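Visitor: I have a model open on the bench computer and would like to be guided through it, one question at a time. Please give the cut-offs as the terms come up.

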Amino acid sequence: MPAKRSSTFDLIKTLTELPGPVGFETAVQDHIAAHWGGFAQEVRRTRVDNVLAKVGGKGERLVIVAHADELCWIVRSISDEGFLHIGPFYRDLVGRPTKNTIPLNQPALVVTSTGTVEGIFATASGHVVSPTQRAQTTWEWTDWFIDLGITSKAEVEALGIHPGCKVLWNPETRRLGANLITGKAMDDRVAMAIATLTGERLAERSDLRFEVWLASTIQEENGLIGAASITDDLRADRSIALDVGLTGDVPGVDARMFPGRMGEGPIVVYNDFSVHYDWAFSEELVRTARANDIPVQEAAFANYGSDGSEMIKRGVKSALVTYPTRYTHSPIETVDERDVEACVDLLVAYVTNGG
Ligand SMILES: [Zn+2]
């Protein structure tokens with residue numbers, strides 16, 4: 001009995017709104033393991049909490065990889081008045097926030113062992129700061145804090161919040177215009193949606209030319225940590241990493257360097273700063289798209305890495321397929337539903353030889 005197929009928008013909304021900060025992806029992994037269990041022949045949770053699901057088929061083992069984690073901030077301390085002071089989750093070489101990843105004025109969600117607590121990312125307003133503060137052109141980490149609407153440290157601690165807890169920006173996922181979808185964690189839950197929709201379609205078929213698996217990895221944003229052990233738990237022959245694709249179709253971006261555009265299909269990426277992907281495999285994906293009238297784009301990225309790099313280091317032939325995404329690493333990451341569906345079409349066509 002084939003499992004019911006998911007609607008693209010509903011699936012993206014559900015997956016992106018789950019809390020999955022780097023290093024605490026449990027809610028996402030619980031959800032995805034249950035969903036994949038609805039159509040997969042087998043679902044595994046590894047020791048570090050990657051999720052692996054066997055869709056079916058015979059032949060070379062192909063793993064389609066998406067990552068569960070999303071950007072977050074880390075609670076560093078709680079003030080006596082109940083405010084949370086925060087710092088970065090990443091290796092911070094600058095010592096202060098970067099210009100392009102600003103959570104201020106967004107709803108916040110603190111993730112604890114027992115659940116989540118809502119708040120807001122705040123800073124003192126222009127009306128109340130000193131002339132010296134107003135003249136400041138860069139942010140310091142201590143300029144930002146989380147207001148939970150709670151007025152004592154003891155009450156905050158009673159909710160299970162402590163230094164080390166992770167904080168997310170927490171907008172609702174919504175449609176924008178006819179085709180776009182905007183919100184947080186499109187990186188990489190849209191990839192999770194693509195993997196899921198592909199798995200649902202492939203599970204109904206008997207003509208797979210690979211043994212197909214799906215993988216949901218932990219801590220990609222923190223240096224591809226989860227992907228590093230996939231091959232210890234599952235010997236794979238090839239992998240397709242799915243992630244956000246950079247576009248040059250907004251003001252302020254040099255389209256000569258970023259030719260990718262929204263609505264023009266998946267972007268097959270030949271290299272980024274982490275690795276050069278398998279050349280023949282990448283071209284095979286492009287040929288598959290063209291032969292099946294699926295729109296496709298090609299690109300080289302810099303200042304970008306993916307789980308595919310870790311898979312190649314572990315001996316797995318790997319390609320990177322991306323979906324065009326505007327405003328990456330922001331609370332308004334934006335994708336085009338048509339590109340998401342074209343990614344699914346491309347993966348299904350590749351696995352079934354265009355059938
Ligand atoms: Zn990503």
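Visitor: Where is tyrosine 327 placed?
Guide: This is a predicted model, in which local features need pLDDT of at least 70 and side-chain atom pairs count only at pLDDT 80 or more, while totals for chains, interfaces and linings use all residues. Residues are numbered from 1 along each chain as its sequence is written. Helices (H or I, at least four residues) and strands (E, at least two) are DSSP runs, numbered from the N terminus. On that numbering, tyrosine 327 is in the loop between strand 16 (317-326) and strand 17 (333-336).

Visitor: Is tyrosine 327 buried, exposed or partly exposed?
Guide: A residue is buried if 20 or more other C-beta atoms lie within 10 Å of its own, exposed if 12 or fewer, and partly exposed in between, with C-beta atoms placed from the backbone. Tyrosine 327, which has a positive phi of about 60° although it is not a glycine, has 15 other C-beta atoms within 10 Å and is therefore partly exposed.

Visitor: Which loop holds aspartate 49?
Guide: Aspartate 49 is a residue other than glycine with a positive phi, near 80°. It counts as partly exposed, because it has 19 C-beta neighbours inside 10 Å. Its loop is the one between strand 1 (42-45) and strand 2 (51-56).

Visitor: Which residues does threonine 352 contact, leaving aside its neighbours within four places in sequence?
Guide: Threonine 352 is found in the segment after helix 9, and it is buried because 20 other C-beta atoms lie within 10 Å. Its C-alpha atom is separated by 9.0 Å from that of serine 206, although the two are 146 residues apart along the chain. With contact meaning that C-beta atoms, placed from the backbone, lie within 7 Å, the partners of threonine 352 are Arg205, Asp207, Leu208 and Arg209.

Visitor: How many residues of helix 9 are buried?
Guide: Helix 9 (residues 337-351) has 15 residues and reaches 22 Å from its first C-alpha to its last, close to the 21 Å expected, where the expected span is 1.5 Å times one less than the number of residues. Among its buried residues are Cys343, Leu346 and Tyr350. Helix 9 is largely enclosed by the rest of the structure, because the buried residues number 11 of the 15.

Visitor: Which helix gives the most to the largest nonpolar core?
Guide: A nonpolar core is a set of buried Ala, Val, Leu, Ile, Met, Phe, Trp, Tyr and Cys residues joined through C-beta atoms within 7 Å. Of the 74 residues in the largest one, Val65, Ile194, Leu242 and Leu346 touch the most other members. The greatest contribution, 10 residues, comes from helix 5.

Visitor: How many residues of helix 5 are buried?
Guide: Helix 5 (residues 186-203) has 18 residues, and aspartate 188 has its place there. The peptide bond leading from aspartate 187 to aspartate 188 is cis, with omega near 20°. Helix 5 is mostly covered, and its buried residues number 17 of 18.

Visitor: What distance separates the centres of domain 1 and domain 2?
Guide: The bounds, which come from an automatic or database domain assignment, give domain 1 (8-70 + 184-351) and domain 2 (73-169). Across the boundary, 10 residues of domain 1 are in contact with 11 residues of domain 2. Taken over C-alpha atoms, the distance between the two centres is 31 Å.

Terms used: Contact = placed C-beta atoms within 7 Å.
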